Structure formats: structure tokens, C-alpha cells
Amino acid sequence: PTGGDGGLLVCPQCAGEYTAIGGGFVPKILPCFHSVCAACARDLQRYKGPGRRCTQCGNDVGYNELADNFVVLDLLDAHQLRTGRDRACSNDCIGDDATATHFCEACSKFLCQLCVSMHS
């Protein structure tokens, strides 16, 4: 997805679309605050020679474990809702109507139609 997000939902190193936590392309944040997908982050971490650098700014990546980029993950969730991509209800609902149709900003949950009617 690149429309309207300035390419923020695509890994700049491999051009793979970022995925939610649990997927192979979860966005990871580098020490320079740029992001790459989990697969590219693993490749950077495995590289033992000099030149472990961010492909965007050239800063050293280091050897520390990289955290998930929750800002990009939130953008991905919003993009999925906006574009109609399936997103599960945060309440772990099951069944045909468990796809999230709303987002509650107060509690940061994605809700299906049934949970929206019961949500306060």
C-alpha cells in the first residue's frame, strides 16, 4: 500500500508490504528511527562485518535487538480499515461477522459490528 501514506507501509529495503505482528514483514525501528521489515532487520543483524548501515541514511545499525515500530503498525491498521482489508475484532470474536468495522480511539480497539453495539 502506497496511496496516501507516502510509502510508509512498505519496507524501503525490499519493497515488501509491512504486515501486522505475527507476519514476516513486521516493521522494525532502527536506532536512526527509520524502519525496515523484520526479514531485512534479521539480515542486517546477521551481517557481522563493517557496514551494518541503514539503507536510508547510512547510520550504523548496531547489534541490539530491534523493536517493533508501533507508529507504522498503527498506520497499517488504519490503512487496512480505510481500504476494507480484513482486520479481526480486538475482542477475539469468532464467526462470519468478526471482521472489525470500527475503531474506538478511546480504548484503541478494533471492533466488529456486534461489539460496537455493546461498546460503551
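When I speak of contact here, I mean heavy atoms within 4.5 Å of each other, and I should add at once that the model we are looking at is a predicted one.

With that in mind, let me begin at Ser 35, which, leaving aside residues up to four places away in sequence, touches Pro 12, Tyr 18, Lys 28, Ile 29, Gln 56, Asn 69 and Val 72. Ser 35 belongs to strand E2, which covers residues 35-37, and its relative accessible area is 9%, so it counts as buried, the cut-off for that class being under 20%. One of the residues that Ser 35 touches is Asn 69, and between these two the side chains also make a polar contact, at 2.5 Å.

Let me turn now to the sheet around Ser 35. Strand E2 is part of an open sheet of 3 strands, whose order is E2-E1-E3 and whose pairing is antiparallel; the edge strands are E2 and E3, each of which pairs on one side only. Between E1 and E3 the antiparallel pairing runs over 2 bridges, and, within that pair, Ile 29 has Ala 67 in E3 as its bridge partner. Helix H1 packs on this sheet, where it touches E1 and E2, and the direction of H1 makes about 100 degrees with that of E2.

That brings me to the charged side chains. How many salt bridges does the model contain? The count comes to 2, and I will take them in turn.

In one of them, Asp 68 is joined to Lys 28, with the closest N and O atoms 2.5 Å apart. This pair links distant parts of the chain, since Asp 68 sits in strand E3, residues 67-68, and Lys 28 in strand E1, residues 27-29, with their positions 40 residues apart in sequence. Is Lys 28 buried or exposed? With a relative accessibility of 19%, Lys 28 counts as buried, although I would note, with some care, that the class is defined as under 20%. Lys 28 is also among the residues that Ser 35 touches.

The other salt bridge is between the side chains of Asp 43 and Arg 46, at 3.5 Å from N to O. Both residues lie in helix H1, residues 38-46, and because they are 3 residues apart there, about one helical turn separates them. As for accessibility, Asp 43 is partly exposed, with a relative accessible area of 45%, whereas Arg 46 is exposed, at 55%.

How values were computed
Residues are numbered from 1 along each chain as its sequence is written. This is a predicted model: local features need pLDDT of at least 70, side-chain atom pairs count only at pLDDT 80 or more; totals for chains, interfaces and linings use all residues. Side-chain values use heavy atoms; hydrogens and water are left out. Helices (H or I, at least four residues) and strands (E, at least two) are DSSP runs, numbered from the N terminus. Buried means under 20% relative accessible area, exposed over 50%, partly exposed in between (1.4 Å probe, protein chains only). A polar contact is a pair of N or O atoms within 3.5 Å; within protein, one must be able to donate a hydrogen and the other to accept it, and residues adjacent in sequence count only if both atoms are side-chain atoms. A salt bridge is a side-chain nitrogen of Lys or Arg within 4 Å of a carboxyl oxygen of Asp or Glu. Two strands pair if DSSP finds at least two bridges between them. Axes are lines fitted to C-alpha atoms, for helices over the stretch in contact, and angles run from 0 to 180 degrees between N-to-C directions.
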